[in-house]
Amino acid sequence: DAFVATKHKVLMKQEDRAAVIRELRFVDMVLLSSELDVSPLIAALRPDVYAVGPDHRSVEDISEFQTCLKYDVKVVRLDIVRDLSSSELLKEYQGG
């Protein structure tokens, strides 16, 4: 939520977003962290996949990239779902 709040008002709390993601059948675990770099968690848990949002320009730009390489963790960048951007929904709601 701290990162989202830098862009705009939080529309859906991180716990609610995590609950939605947990319901995806291919997701085994969702962890919430207030840390900007979760490399220690990646090193400890060694997930198969580490997913980042569209706010990152590329997977190589994330602070955890080297840790993911070291432990053979696949990094995927998720794109914005067209017409479901919270920033765009907020603009529309505010009449912009």
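**Close-up views of a predicted model**

**View 1. A nonpolar surface patch formed by L11, M12, V20 and L89**. In this predicted model, these four side chains come together at the surface, and their joint accessible area is about 350 Å². One member of the patch, L89, belongs to helix 5, which spans residues 86-93. L89 has a relative accessible area of 43% and therefore counts as partly exposed, since that class lies between the 20% and 50% limits.

**View 2. The largest nonpolar core**. The core comprises 10 residues: V38, I42, Y50, V52, V59, I62, F65, C68, V73 and V75. Two or more of these residues come from each of strand 1 (49-52) and helix 4 (65-70). Nonpolar side chains in soluble globular proteins tend to be buried together.

**View 3. Surroundings of the core residue I42**. When neighbours within four places in sequence are set aside, I42 contacts P47, Y50, E64, T67, C68 and V73. Among these partners, Y50, C68 and V73 are also members of the largest nonpolar core.

**View 4. S39 and its polar contact with T67**. S39 lies in helix 3, which covers residues 39-45. Its relative accessibility is 12%, so S39 is classed as buried, the limit for that class being under 20%. The side chains of S39 and T67 make a polar contact at 3.1 Å. Apart from residues up to four places away in sequence, S39 touches S63, E64 and T67. Both E64 and T67 also appear among the contacts of I42.

Technical notes: Residues numbered from 1 in each chain as written. Predicted model: local features only at pLDDT ≥ 70, side-chain atom pairs only at ≥ 80, totals over all residues. Heavy atoms only, no water. Helix = DSSP H or I, 4+ residues; strand = E, 2+ residues; numbered from the N terminus. Buried < 20%, exposed > 50% of the residue type's maximum accessible area, 1.4 Å probe, protein only. Polar contact = N/O pair within 3.5 Å; in protein donor to acceptor, adjacent residues only side chain to side chain. Contact = heavy atoms within 4.5 Å. Patch = residues over 30% accessible without salt bridge, like charges linked within 9 Å, V, L, I, M, F, W, Y side chains within 5 Å. Areas by Shrake-Rupley, 256 points an atom, 1.4 Å probe, with all protein chains shown as cover. Core = buried A, V, L, I, M, F, W, Y, C linked by side-chain atoms within 4.5 Å.
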